[in-house]
Amino acid sequence: MSLAQITTSLGLCLHSQTFRLSRTCRHEGGGGGYPCVYFHFSVGIWESLLPMHKLGALLLGIGALCSCAVSLCCVWMAGAATPPCALAHRFLLYVATRGAAATCSGHVMASDTCSCCLSYPSFSCRYFRWWYKKTRIEKKSAFIDLLCAVPLQQIYGCPLGGIGGGTITRGWRGEFCRWQLNPGIYHYETVIADQFTVCLRCKGQTVYQQVLSVERPSTLQGWNWGYCGHYAFYHALYPRAWMVYDLPGQNVVLTCRQVSPVIPHDYKDSSLPVGVFIWEVENGRDEDVDVSIMFSLQNGTGTKEDRSGGHWNEPFVFEKEGERVAGVLLHHCTRVNPFTLAISAREKAGTGVTHLTTFSPTGSGREVWHDLLQDGRLDSPTGKSSPTEKGEVTAAAVCASCRVPARGHRTLELALAWDMPCVHFGSKEKLHLRRYTRFFGSGGDAAPALSHYALTHYEEWERKIEAWQKPILENSELPSWYKSALFNELYFVTDGGTIWVELPPDCHAEDLQGPAGAGLSHLLPVLREYGRFAYLEGQEYRMYNTYDVHFYASFALVMLWPKLQISLQYDIAVTVVNEDVQCRQYLMCGQTAQVKLKNVVPHDIGDPADEPWQHVNAYLMHDTADWKDLNLKFVLQVYRDYYLTHDSLYLQDMWPVCQAVMESEMKFDTDNDGLIENGGFADQTYDAWVVNGASAYCGGLWLAAVCMMCKMAEVLGDAKTQQKYTDILSKGKEAFERMLWNGKYYNYDSSGSDTSSSIMSDQCAGQWFLGACGLDQGEFEVFPKSHIVSALKTIFEKNVMSFAGGTMGAVNGMRPDGVPDTSSVQSNEVWIGVVYALAATMIQEGLVEEGFHTAEGCYRTVWERLGMAFQTPEAYREKRVYRSLAYMRPLSIWSMQLALERRAGWAPAPMQPPQVPIHP
């Protein structure tokens, strides 16, 4: 779709300051237009939000971290190195929770931190001892580092790369600034040599040459830096982004379209570690212009390994089926997980490609600059570069050139690929092959073929992306912010430290199943066909497939890549039926217990610094064998997955596992009333919020899981089990209503404590899943509809509208008098992923306007007011305090889309009974 088509279909208006963008409207096909409008923010608005970063010059507002209409849209700051809203957040120890409290501008914002430290001194001591041993003695990273948290940088844009092959994030000013090539491990380095440079020539003379960056670095000073940010705009609608440069005084407009192969229901191209940059050049002059785009790249990711020596570059040409691609390979020869970077351009009629094999990115760079300045091309030397010496850094460049006729336009196509086919995790126990090696080989020589494939297939990718996104973008009933949030939050599927690996060719079922997993008959076929998938709880909470959080995020997977959700569930099922008898001390309570009990769901499948899948439960804070929600969330996802995919073989395999975890869960029903009780500590995903007795959250999940056990038993023809759970459900429903319903909503718990009557925003989580599976009415109605609607209206009135003026989403806990529950560091937070799930529940129950208003508060807070684009945190508070950047849970926004589709009349196809009924 072109810009004109998209803006017309959305009924959007272009801001008057962006009239120049209308000249790109004529670029039809291949996704030339971008779905965005530009909004202008004045300096005063930003000053009212957070302290302004003073740069000694007038800075325009950052439309940039505002997702305007259907995308993220920025205007660069003239000469600014950082956004005007420079949140100088530091982290303090958030005792008793999985994270850290931020501070603003050096001033402590979370007064409860000190009280928490006083309340839990023994935890603090245990954590510090453990942290010191891990980081200072063992020289390893902490899975949650409360002492060295990642600093907030408001610079990130749309990441590059497919699923599971690593990611490279570009900022909204064009910088390459966040790197995740080693699985699950991030480097937050802006590599200054990684740039695009434009050269314009008229009548054989260079008239303009400029690095397309506002930076003014201390290196490469022979280059022309300091592009005026007033003449550049950024737009993002994941997995694509657009950068528009209206070259000052040149009457030439450049539009760089960035494309990554992230395509729903695609299990090949979506795995590729590539990104494509399509440069649309529009010449407004009355004479021809020769245009060159130079792409320079440092060999490495900006870390000390770049100086370790032994790295080298070489030019390449790859031709296949009449299509020719040329560029430079940058071989990064580290001892562990070596990789090759490739920068390239597509040769075609009228387009020439030249290169520079090596130059020093730490010097002045004058030789590169003058080489391009002389004739708009690079010298293209032959042969390999010499390996770098220790302490030396090398870089390379590729240049695409064409002649653009007067009043005409042309396209230049460049690509970035990276090839790290074989990876070790931190313990180096096993060698893993990434998913893309199935199609491009594991020899470490795939970068040329990947580059060629990307440059010759990106148009097909864009057609598929547009076909997927277009119905939502053109739906005038959906608010524009929602369209932006829905797609842009998907960044975490690739940029969540994600890894997607193949099974070894010689892998057998017993290698996967462990001692007790023989009943999973389709485990091997599923994993052999679709591989193993894992993503982090968050970029700061480094645990793979954290299950209590994945429960929320899983909607994105099951709706867009259902086979990855099925694969993940098989991996969880294997860990359920096996155990790890090693004992260890848990940091919160100080007690020693087994790492993993049999027939309970693990918290996670491991730390990338260890050996995921092999060593599970990296989470050391609590012994999660006593958590009340994990087992239930497995059962709920099994049926939800079956309902949406109709995979009867999956259901048959999971049924015995569901029975096993529910039997384990039964012990928490201490009074045999059909309802489980919480244990008087933080024994669920809210792992710093104590809950005692029957509770709205865990009790509701329990009843929903029992209901789904009844439904699964019915589908599988297991009458005895169906009757068993029907009886439990009957008792449990009565107990739940009697103990928790207060006439308006469900109490937080039944303990009778000062805060047991708090209004929990997540109290309808069980109903959320039931509604997503069509089990919210008729014979399977668990919670009275009138009670659910009343509870949701109460949450909207109290947790949403009585909190921050109704502009920041729903606070987790609210007292009946309209004051936030401050009994816990988490009850006083807003969890973005929980809010999206709450909004989905509201939509399911007919409270559509309330649902959109609730979710909008989170979106506008994160993506606009706090400038946290492409790093949505787990939580924030009313007073500019946030926790855990780049978090998994906000992917739950896709449950809102499922709810909307159900309301619009979409429903899964009729379920087919399994081929072989299962009997008790």
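**Close-up views of selected sites and strands**

**View A. The side chain of E677 makes a polar contact with the side chain of T670, at 2.8 Å.** A polar contact is a pair of N or O atoms within 3.5 Å; within protein, one must be able to donate a hydrogen and the other to accept it, and residues adjacent in sequence count only if both atoms are side-chain atoms. The model is predicted: local features need pLDDT of at least 70 and side-chain atom pairs count only at pLDDT 80 or more, while totals for chains, interfaces and linings use all residues. Residues are numbered from 1 along each chain as its sequence is written, and side-chain values use heavy atoms, with hydrogens and water left out. E677 is placed in the loop between α15 (648–666) and β26 (678–681); helices (H or I, at least four residues) and strands (E, at least two) are DSSP runs, numbered from the N terminus. E677 is buried, where buried means under 20% relative accessible area, exposed over 50%, and partly exposed in between (1.4 Å probe, protein chains only). E677 has no salt bridge, that is, no side-chain nitrogen of Lys or Arg within 4 Å of a carboxyl oxygen of Asp or Glu. The nearest side chain of opposite charge is R738, 8.6 Å away (Lys and Arg count as positive, Asp and Glu as negative; His and the chain ends are not counted). Residues up to four places away in sequence aside, E677 touches K628, F668, D669, T670, D671, G693 and A694, with contact meaning heavy atoms within 4.5 Å.

**View B. S296 lies in strand β13 (residues 289–298).** At 0% relative accessibility, S296 counts as buried. Its side chain reaches the backbone oxygen of A193 at 2.7 Å. Apart from neighbours within four places in sequence, S296 is in contact with A193, D194, Q195, W223, F359, A396 and A397.

**View C. Strands β4, β5 and β6 form an open sheet in the order β4-β5-β6, with antiparallel pairing.** Its edge strands, β4 (156–160) and β6 (176–180), each pair on one side only. From one strand to the next the twist averages 25°; axes are lines fitted to C-alpha atoms, for helices over the stretch in contact, and angles run from 0 to 180 degrees between N-to-C directions. Three bridges join β4 to β5 (residues 167–171), two strands being paired if DSSP finds at least two bridges between them. L160 has I168 of β5 as its bridge partner.

**View D. Strand β19 (residues 409–419) is largely enclosed by the rest of the structure, because nine of its eleven residues are buried.** Strand β12 (residues 274–283) runs antiparallel to β19 and is joined to it by nine bridges. In that view V276 stands opposite A415 of β19. Strand β16 (residues 339–347) also pairs with β19 in the antiparallel sense, over six bridges. T340 has D419 of β19 as its bridge partner.

**View E. Y238 and P239 are joined by a cis peptide bond, with omega about 10°.** P239 lies in the loop between β9 (232–237) and β10 (240–247). Most residues other than glycine have a negative phi, and most peptide bonds are trans.

**View F. N545 and R880 have positive phi, near 55° for N545 and about 60° for R880.** Neither N545 nor R880 is a glycine. N545 sits in the loop between β23 (532–534) and α12 (547–560) and, at 1% relative accessibility, counts as buried. R880 is found in the loop between β31 (875–876) and β32 (882–883) and is partly exposed, with a relative accessible area of 30%.
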